[in-house]
Amino acid sequence: MKGINYFQPFSVDINLMKGIMDAPDNRVVRTASSMRGHYADESALEKIIREQGDPIHYEVFEKIMPQEYGHLCFGISRLQPGLVGEECFMTKGHYHSILETAEIYLCLGGEGYLVMKTQNGDCAVEYMKSGRLVYVPPCWAHRSVNTGEEELILLFIYPAEAGHNYGDIEKEGFPKRIFKRAGKVVIE
Ligand code: F6R
Ligand code: ZN
């Protein structure tokens with residue numbers, strides 16, 4: 001059609017087993033020190049940073065898309081297994097800046113949970129394992145948590161205009177945390 005500025009179609013290769021995207025435009029690396037303020041046991045996190053040399057906590061591989069209505073953003077997140085004290089490794093979590101935007105997570109490997117929260121305090125927790133898809137509806141903050149022994153590998157897709165708001169959920173916190181005690185997953 002005349003007048004439309006057509007975006008060129010493209011393809012991306014993803015190693016589903018390893019959770020690596022070939023030629024990402026952006027690779028975000030979050031190390032343990034970037035997680036300060038998120039875990040219940042702050043001194044356990046400091047010990048990891050001190051004794052393990054600030055190890056990688058999670059990575060996000062993504063293509064950079066025009067941040068405008070109509071496009072989709074997508075990528076892969078790879079969250080390491082481990083505990084901070086008794087709490088399972090997790091991502092920071094965020095609301096979308098345009099709150100009324102949803103997201104889909106498809107688990108490609110590992111196991112864990114997606115913890116979600118609304119601004120009125122409702123909380124939901126969905127189990128993830130390879131082959132399971134979680135729908136995050138508009139207006140829910142979301143965080144992934146690795147409760148397994150392997151890396152938790154997730155494919156995510158969301159509207160490109162959504163943006164990320166980390167500040168609000170950082171102040172509010174998620175109502176539920178996920179721990180491992182004597183090998184058992186405890187959500188409280
Ligand atoms: C995008 C999205 C994921 C997360 C990723 C890392 O909207 O939800 O790609 O960005 O799981 O988590 P955060 O961004 O909370 O550090
Ligand atoms: Zn999101």
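The site of the zinc ion (ligand 2) is octahedral, with 6 donor atoms and angles of 74 to 173 degrees among them. Keep in mind that this is a predicted model. Besides the metal site, the notes here cover the cysteines and Thr118.

**Zinc site**
- Three histidines and a glutamate hold the zinc ion (ligand 2): His94, His96 and His142 each use NE2, and Glu103 uses OE, at 2.0 to 2.3 Å.
- Along the chain, the spacing of these donors reads H-x1-H-x6-E-x38-H.
- For six octahedral donors, the ideal angles are 90 or 180 degrees.
- Two of the zinc ligands, His96 and Glu103, are buried.

**Cysteines**
- If you're hunting for disulfides, the count is 0.
- Cys88 can't pair up because the closest cysteine sulfur, in Cys107, sits 14 Å from its own, too far for a bond.
- Cys88 is also buried, since its relative accessibility is just 1%.
- Cys123 is in no disulfide either, and its nearest cysteine sulfur is that of Cys88, 15 Å away.
- With a relative accessible area of 24%, Cys123 counts as partly exposed, because the cut-off for buried is under 20%.

**Thr118**
- You'll find Thr118 in the loop between β10 (111–117) and β11 (123–129).
- Despite that loop position, Thr118 is buried, as its relative accessible area is 11%.
- Leaving out residues up to four places away in sequence, Thr118 touches Tyr95, Cys139 and Trp140.

Conventions
Residues numbered from 1 in each chain as written. Chains lettered and ligands numbered in written order. Predicted model: local features only at pLDDT ≥ 70, side-chain atom pairs only at ≥ 80, totals over all residues. Heavy atoms only, no water. Donors = N, O, S within 2.8 Å, 3.2 Å for Na, K, Ca; no water. Tetrahedral: all angles 85-135°; square planar, octahedral: opposite > 155°, others 65-115°. Buried < 20%, exposed > 50% of the residue type's maximum accessible area, 1.4 Å probe, protein only. Disulfide = S-S within 2.5 Å. Helix = DSSP H or I, 4+ residues; strand = E, 2+ residues; numbered from the N terminus. Contact = heavy atoms within 4.5 Å.
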